[in-house]
Amino acid sequence: MIGPPASTRVWLAAGATDMRKGFDGLAMLVQSTLRRDPFSGHVFAFRGRRGDLVKVLWWSGDGLCLYAKRLEKGRLVWPQTGQGVAALTPAQLSMLLEGIDWRHPARTFRPELAG
C-alpha cells in the first residue's frame, strides 16, 4: 500500500460497517456518521461484521483511494467506543492491518545497561 504522509490522522469507525459499500458509500458514511470531511487527506478505516475484513479510505489530493484487506486467520483488533469514532496513529494502523494487537504491542528487546 502506498502510504499517506506521516502527519495524516487516522480515524476508525466504531462497530461494523456494510462491506458492500465502495468509494461513494464510505465517503458518505464519513460525512454523515463520523462527521468528518472525507476529502481532508485523513485516513478512514471500516471493519466488517465478522472482524476479518477492513476497508481504508483516503483522499490523495487528486482522487479517493480504497484499500481492502481480508485476514486469512484471526480477527482485527477494533476499539470499543461509544463516540462512533476512534483516532489511531499511522503506526497503530500498520499494526492493525497486520493483525497485531496494536493496543498492547510487545517489545522484543529492552536494554538493561548502556554500553
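In the predicted model, tryptophan 59 has a relative accessibility of 25% and therefore counts as partly exposed. This residue lies in strand S3 and is linked to a distant part of the chain, namely phenylalanine 39 in the loop between H1 and S2, 20 residues apart. Phenylalanine 39 and tryptophan 59 form an edge-to-face aromatic pair, with 5.1 Å from centre to centre and 85° between the planes, and the count of aromatic pairs comes to one. Phenylalanine 39, at 40% relative accessibility, likewise counts as partly exposed, since its value falls between the limits of 20% for buried and 50% for exposed residues.

The strand that carries tryptophan 59 belongs to an open sheet of five strands, arranged in the order S4-S3-S2-S1-S5 with mixed pairing. The edges are taken by strand S4 (64-70) and strand S5 (85-88), and because each has a single partner strand, one side of each is left without a neighbour in the sheet. On average, and with direction ignored, neighbouring strands of this sheet are turned by 25° against each other. Helix H2 (residues 90-97) packs on the sheet, where it touches S1, S2, strand S3 (53-59), S4 and S5, and the direction of the helix makes about 105° with that of S5.

Within the sheet, strand S1 (residues 10-16) pairs with strand S2 (residues 43-47) in the parallel sense over four bridges. In this pairing leucine 12 stands opposite alanine 45, while alanine 16 stands opposite arginine 47. Together with the intervening helix H1, strands S1 and S2 make a right-handed β-α-β unit. On its other side S2 is joined to S3 by five bridges, and these two strands run antiparallel; phenylalanine 46 of the former stands opposite lysine 55 of the latter. S2 and S3 form a hairpin with five residues between them, and glycine 51 in the turn has a positive phi of about 90°.

Strand S2 is mostly covered, five of its five residues being buried. The cover extends to both faces, with Val43, Ala45 and Arg47 buried on one side and Phe44 and Phe46 buried on the other. Phenylalanine 46, placed in this strand, has a relative accessibility of 0% and so counts as buried. When its neighbours within four places in sequence are left aside, phenylalanine 46 is in contact with Ala13, Thr17, Met19, Leu26, Leu29, Val30, Leu34, Leu53, Val54, Lys55, Leu57 and Trp78. For one of these contacts, leucine 26, the C-alpha atom is separated from that of phenylalanine 46 by 8.4 Å, although the two residues are 20 residues apart along the chain.

The loop between helix H1 (23-32) and S2 also contains arginine 35, which, at 64% relative accessibility, counts as exposed. Most residues other than glycine have a negative phi. Arginine 35, by contrast, has a positive phi of about 60° although it is not a glycine. A further arginine, arginine 36, lies over the face of tryptophan 11, at 4.0 Å from the ring centre.

Key:
Residues numbered from 1 in each chain as written. Predicted model: local features only at pLDDT ≥ 70, side-chain atom pairs only at ≥ 80, totals over all residues. Heavy atoms only, no water. Pairing = 2+ DSSP bridges. Axes fitted to C-alpha atoms, helices over the stretch in contact; angles between N-to-C directions. Contact = heavy atoms within 4.5 Å. Buried < 20%, exposed > 50% of the residue type's maximum accessible area, 1.4 Å probe, protein only. Phe/Tyr/Trp six-rings, centres within 6.5 Å; stacked < 30°, edge-to-face > 60°. Lys NZ or Arg CZ within 6 Å of the ring centre and 35° of its normal. Right-handed = clockwise from strand over helix to strand, strands pointing away.
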